[in-house]
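Subject: Structure handover

Hi,

Here is the structure I promised to pass on. Have a look at it first, then read my notes underneath.

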Amino acid sequence: MGWIEKDGTRYFRFTKTVGRTLNKNGVEVPVKKEFYGRTRKEAEQKYHDYVSKATAGLSTDRLYFGILSEEWISSFFMHDPNLKGSTKAQYLANWNRIIKSAPFYNYPLDSVKPKTIQSHYNNLAAQGVPGDSIRLANLLMKRFYKYVEVESLGRNVTASLVIPKAQHTGESQDIVVWDDDEILKIFNGFDKADSRFRFKLLIVIAYYTGCRIGEILGLTYDDISDNTLSVSKQLSRDFELLDDGTTKTVYKINTPKTRNSIRLIPLNENVTAALNEHKAWHFEEQLKNHYKSDYIFTTASGKLYDPTNIRTALNRYYKKIGVEAKTIHAYRHTFGTNLCRQGVPIQTASKLMGHESISTTARYYVNVSLPEKAAAIAALRSPEENCAQKVGRKSGNEEFSLDSEQIKKLETVEISSLLAPPLGIEPRTNL
């Protein structure tokens, strides 16, 4: 791809792989075609015209799976108004990983059989590729082949496909959490003079609220009031379609995927203290760098963060303080596990974490150590003791009542108070 000169005239040459074939030695090689134009856009248009003719059956060339699916994705799928950009991003990420790497990607369309695709899926599963990744790629395959069928370009070969389970290597599938010693080291390692201080509040919120990274990066200062955090939006990945048919990844603020993700989370004094410190520092930076933003987490120029850059910065921080790096999501897992260990009812934990199904929350309630299970059993009371503990009764069946002050205290108990700081970390105003 580039400019060439022919007969004194400059042309832009656009080369595309349109399939694969066997050479005289029986070796599979790519089939390439060149398209020329006075401008790059004209050359690319000739390529698209070639694809259109092939699709309409006006070309003597065979249709190829890769070239046709690429054209369908850019012309149809990327313009589907019923799918969010983050959903399209998820589909495409798995398509690129699962389908574009497939041997059949450059085969003629009529050479791709159900057995061809199924064998590829089975091989991936044998290598430990998660079934969800294959499933998402296959969903896009179904959409593509529906188009193939409707346009009479071939038959739908996806109906009989099955999604195999990954063959795990026996490694632990436990939820990854931070232990108390690690959290203590992370909290005590914050250095105000360090540029990575800007992520201090992010870690505090992640640990004490269990919010997803997209939810945290979508927070504005108005989302926190009266010691309560309101989750109603999130930063998510989207795509913009460029003039040349390619896509550009962008990040936008969108509503959460599910209704349960919209929730209120009480905050304890550690979070509010860290927020006040961050807010003063952030407003000072805005004045210094001449930008204004209502978002709590921004770059030094006021732009929204790319989560990848935050992960890179945090990994550098963990290395500096001598803590083995984990994903940002480990804070969310730690929050869920701590709720379980503090005896928070699973229904309450599910609401706090914004889970769509209580079965998702149940993962944390099976991730409990034997000593913790033994302590829970030891705490069980006899029927007589249970009756004695009922509100309105004493152990001798004597009536009693709660005064207004006691009732007031019960009504103001916050779930966040159940989440004690890790061992050795006391609430403090300079966190």
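Below is what I found, going from the whole chain down to single residues.

First, the ground rules: this is a predicted model, so I took local features only at pLDDT of at least 70 and side-chain atom pairs only at pLDDT 80 or more, while totals for chains, interfaces and linings use all residues. Numbering starts from 1 along each chain as its sequence is written, and side-chain values use heavy atoms, with hydrogens and water left out.

**Confidence**

pLDDT is the predictor's confidence in each residue, from 0 to 100. The protein chain averages 80, and 74% of the residues score at least 70. Two stretches to treat with care: residues 391–402 stay under 50, and the model has 16 contacts for them (heavy atoms within 4.5 Å) beyond four places in sequence. Residues 423–431 are also below 50, with 23 contacts in the model beyond near neighbours in sequence. Where pLDDT is low, the predicted coordinates should not be read in detail.

**The chain overall**

There are 16 helices and eight strands in the protein chain. These are DSSP runs (helices H or I, at least four residues; strands E, at least two), numbered from the N terminus. Of the 431 residues, 40% are buried; that means under 20% relative accessible area, with exposed over 50% and partly exposed in between (1.4 Å probe, protein chains only). Among contacts with a separation of 6 or more, 61% link residues 24 or more positions apart. The chain exposes about 24,700 Å², and carbon and sulfur atoms supply 50% of that (Shrake-Rupley method, 1.4 Å probe; for residues, only the protein chains shown count as cover).

**Cores**

A nonpolar core here is a set of buried Ala, Val, Leu, Ile, Met, Phe, Trp, Tyr and Cys residues joined through side-chain atoms within 4.5 Å. The largest one has 49 residues, and Ile186, Phe187, Phe297 and Tyr331 have the most contacts inside it. Elements giving it two or more residues include helix 6 (180–188), strand 5 (228–231) and helix 9 (269–289). Helix 7 provides the largest share, eight residues. Apart from it lies another core of 35 residues, among them Leu68, Trp72, Tyr91 and Leu92.

Helix 2 (residues 65–75) is worth a look too: it is largely enclosed by the rest of the structure, because nine of its eleven residues are buried. Glu71 is one of those buried residues, as are Ser69 and Ser74.

**A small detour to a sheet**

Strands 4, 5 and 8 form an open antiparallel sheet in the order 4-5-8. Strand 4 (224–225) and strand 8 (263–266) are the edges, each pairing on one side only. Pairing needs at least two bridges found by DSSP, and two bridges join strand 4 to strand 5. Ser225 stands opposite Thr228 in strand 5.

**Single residues**

What about disulfides, and how many does the structure hold? Zero, counting a pair of cysteine sulfur atoms within 2.5 Å as one. Cys211 is buried at 4% relative accessibility, and Cys340 is buried at 11%.

Two glutamates to finish. Glu42, in helix 1 (residues 40–55), is partly exposed at 33%; its C-alpha atom is 9.9 Å from that of Arg13, 29 residues apart along the chain. Glu34 belongs to strand 3 (residues 28–37) and is partly exposed at 43%; its C-alpha atom is 9.0 Å from that of Thr17, 17 residues apart along the chain.

Cheers
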